[in-house]
Amino acid sequence: MGIKISRRKFLQTASLAAAALPLSRLARAAEPGLVKKPVAAPGSFTGTETRYGGMCEMCFWRCQLTGKVRDGRLVKLEGNPKSLENGSSICARGNAGIQLLYDPDRLKYPLKNVGERGAPKWKRISWAEALDEAAERLKVIQKKHGPHSVALFPHGASAFYPLQYFEFTGTPNISEASFYQCRGVRDMAYMSTFGFAPNEDVDMANAKVIFLVGTHLGENVHVSHLKQYLKGLENGAKLVVLDPRFSAAASKADIWVPIKPGTDTAFLQAVMKRLLDTGKYDQEFVAKSCTGFDQFKEAMAHATPEWAAKTCDVPKAQLLQVADLLGANLPNVAVHPGRHTTWYGNDFQRSRAQACLTALLGAYAVPGGLIRPKGVKLGAASWGHGVFAQDCDLSKFWPFHPPGTPTDAIRETTLTAKPYPIKAWIAWGQNPIQTIPDQARTIAALKKVDFVMVTDIMPMDITMYADILLPEKTYLERYDYVKTGMQWDPAAKPQQFVAARMPLVEPLFEGRDSVWIVNELAKRLGHGDKIPVASIEEHVDKRLAPAGLSIAKLKALEGIFTQDGVSPYAPAGKREFEFDTESGKVELFSEQIDSNDFAGSPAYVPTAEVPAGYARLVYGRSPVHSFSRTQNNIWLHHEMPENPLWINDRVAAKAGLKDGDRITMVNQDGVKSRNSTVLKVTPGIRPDTVYLAHGYGSMNPELTVGKDQGIDDQSLITLFGIDRETGATGMRTSFVKVVKDGRTLEMMV
Amino acid sequence: MSEAVANQLLADVYRFLGRSLAYPDPAWLAAGHLVALAELLAELGWDEASRELQSLPAAPAVLLEALCIEHTRLFINAFPATVAPPYGSVHLPGGGMLNTAFTAKTRAFYRRYGFELANGADLADYLPLELEFLARLGEGGEEAAREEFLAECFRPWFGGFLARVRAGAELPFYRIVVELIDFFTKEEEEDGY
């Protein structure tokens, strides 16, 4: 440094007085950041305060929290002891919420991209500037191309309000990953069968048999759900797991069926045929509460054990063992509906099969069965339904699609402008680059539109493509979600609860909640007079009002209201129920599905075979990560910094691969993984299959912890299926080879 | 120049440098901030920095835009990476997090000398706040406390921050300001530096 004078001399220099004047004037005009207060003696200690009303959003389960706050700083998160679900327990991710709150990489102020999409150059702007620009650009697009030219990709509790708003403006082009790349298939299949979406409301705690189809509890962690699962196992429930991988659940199973990927429906059909053939099904429940039995039975007739054993590549004896175990323990069988169910593009039929198996076993409203928890009635405050232009509905080709529009339809319409142009993409808490297969097409669509707006908490793959990037408050700094439900163990004393998310700490920086952001946008787009609530607090209060509650009352109740509830079990002996289906009964054969030219009873639709030399890429959950949202969380990263590739030991040996080798991957289309990972060589996976935990390997280098860590499974999924009934995205349909030291290796036994 | 005057001048310098790290706005530029900085550089005889400062765009709107982008890139959010978040806890060994126990320690230090964060103020270990605190201590004649604060709450992290700004700054303005902060806060040696 070229300063030619010492600090002491500088301060002593008389001539400085003149120079000091403008500097001093400017210095003293500054807004003070510190104010005078009485002196606190050294060693003064600010006590730790427990704050109630927190609700986790590290995943979608939303455990209720308390926060230990010291001097305004959140130092620890714990479960709220009053919670009927998680109690005082929270998972690793829940604990690590503090790190999200205090992550230096988090989005802090509204940003404008003055560079290119994909290589942004950010400029901090004011909220007024950001909202003015977003509104102006949306207005131009809506005026020229119609309101349906705006597409929205929402996710998470805070996205409910923007979702309502954009639908109100007249766009049906809203696609939630939680439906189209997750549970939408399951929900629609169960609605077509039982008339309601099942959530994960299956009474594992009191089951005699727990039957998991691909669900890998233990790696898939939700506290009250795991409490139910573990209580069931403690009580002696038999566990049956269908999974091509020796998952955490498989390791606890009485019967692990290492099934060939994509053939689960065939297995389920054969199980149901066996139950029918042996008469080991709940005949009273089927007679009184189901319809379409004859057509259903006929549809299962082909599913012999021999056929299924060959199709599924499992021993016939094991298949029969599973069927007989289920039949011997009916109706107290927990046929888990799963959650992420968009696997092969034939998934509606598999979920239908799970629902029909549940019905065949009479496993409804009984201990161990599918149940319908009854919470407290809540209110609503809504923008109201939008009016869509004629012929703008892209979802019409999928008659059983979940709410919104299939994601791929939006992307293809964006790219082709057929049947009409889509010119703006808005992502709200969703990272479509890691939720939708074929990232190159997603990026092409993002580059094609006229405007991209993203609202998030952290930099994500998608935020790299934003023109305007808006920071939300984290879930620890805001109000939003109101949750109701019942005690975690359905057999315990019936209780109900209501909890609302309340901030545990003051917000940092300039994050805003979604109601504020949407209202400000709506005012600028000419909808100021239609705003349903002035604030998120008002929204929460309206939700709570029918229960006689308010934010203030909940605060006084330490965050959770409880009252006596209703048992989810039917009275003993009751086997006749009315369901909210077209027939009023459980539809083992659905006229509605049949009349839309699909199989009215669960049908097996084969998925593409693995090409020679490749392995099928399947993916799943890590207990310490939630999708791509926790990639940058340094505490969670420490626990599992990358996602090892599971590979069969015989395949590895033949390819000359060893456990711990660092590898990359290439898929059937020549797409290479951006990063590397390590190999986990194990007999615990089928030779035709490899496995990665999802949610690693972000392409956004702004994530200083998560960047380049592990392999992004989605980057390798370029071959995908679209479920014919629902339009959901099947994503276990791509094939890969391992690359080591530049050599692409054949995946052969 | 008396010690009191020198202390006041140093306090003003701290405040001025802290103010230099605020997000740029038209009023800030119009008030002559760059002129004052140039005069300070001249007094210090730092000719190279003076010349670099003169290389900044002359047109106010262009200059403001450039400074806003540079400020965002250095201190807020940036692609491919934010250069140097101006928070002490981030730069401590094993840090990488905002609002840690170190931040609380810094705030406790403020309280020991009768100061509290104003409403809406940033985190306690935000660099401009620390500079303001140093100014306040100087104005109060608390030289020993100033040295203690620098030793305990400032210097442990500032070197890491300085290195990142040195390496990552594209415009000279923020690098000069941060070098000046270093000059006015580092431990005095025998020769007075």
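**Close-up 1. Stacked pair B:Phe154 and B:Phe158 in the predicted model**. B:Phe154 is buried because its relative accessibility is 0%, where buried means under 20% relative accessible area, exposed over 50% and partly exposed in between, with a 1.4 Å probe and protein chains only. B:Phe158, at a relative accessible area of 3%, is likewise buried. Both residues belong to helix α9 (residues 143-168) of chain B, where they are four residues apart, about one turn of the helix. Helices (H or I, at least four residues) and strands (E, at least two) are DSSP runs, numbered from the N terminus. A pair of aromatic rings is described by the distance of the centres and the angle of the planes. Across all chains, 49 aromatic pairs are counted. Rings of Phe, Tyr and Trp (its six-membered ring) pair if their centres lie within 6.5 Å; planes under 30 degrees apart count as stacked, over 60 as edge-to-face and the rest as tilted. For B:Phe154 and B:Phe158 the centres are 4.8 Å apart and the planes enclose 20 degrees, which makes the pair stacked.

The model is predicted: local features need pLDDT of at least 70, side-chain atom pairs count only at pLDDT 80 or more, and totals for chains, interfaces and linings use all residues. Residues are numbered from 1 along each chain as its sequence is written, chains are lettered from A and ligands numbered from 1 in the order in which they are written, and side-chain values use heavy atoms, with hydrogens and water left out.

**Close-up 2. Edge-to-face pair B:Trp28 and B:Phe173**. The ring centres lie 5.7 Å apart, with 85 degrees between the planes. This pair links distant parts of the chain, since B:Trp28 is in helix α2 (residues 26-30) and B:Phe173 in helix α10 (residues 172-185) of chain B, 145 residues apart. Both B:Trp28 and B:Phe173 are buried. One aromatic cluster includes B:Trp28 and B:Phe173 together with B:Phe75, B:Phe154, B:Trp157, B:Phe158, B:Phe161 and B:Tyr174.

**Close-up 3. Cis peptide bonds preceding A:Pro419 and B:Pro80**. A:Lys418 and A:Pro419 are joined by a cis peptide bond with omega of about 5 degrees. A:Pro419 is situated in the loop between α16 (407-416) and β13 (424-428) of chain A. In chain B, the bond from B:Phe79 to B:Pro80 is cis, with omega near 5 degrees. The loop that holds B:Pro80 runs between α5 (60-76) and α6 (88-91) of chain B.

**Close-up 4. Positive phi at A:Arg62 and A:Asp313**. A:Arg62, a residue other than glycine, has a positive phi near 65 degrees. Its loop connects β2 (48-55) and β3 (64-70) of chain A, and A:Arg62 is buried with a relative accessible area of 11%. A:Asp313, also not a glycine, shows a positive phi of about 60 degrees. A:Asp313 sits in the loop between α13 (305-312) and α14 (316-328) of chain A and is partly exposed at 46% relative accessibility.

**Close-up 5. Surroundings of A:Val705**. A:Val705 occupies the loop between β24 (689-693) and β25 (721-722) of chain A. At 16% relative accessibility, A:Val705 counts as buried. A:Tyr619 is 86 residues from A:Val705 in sequence and 22 Å from A:Val705 in space, C-alpha to C-alpha.
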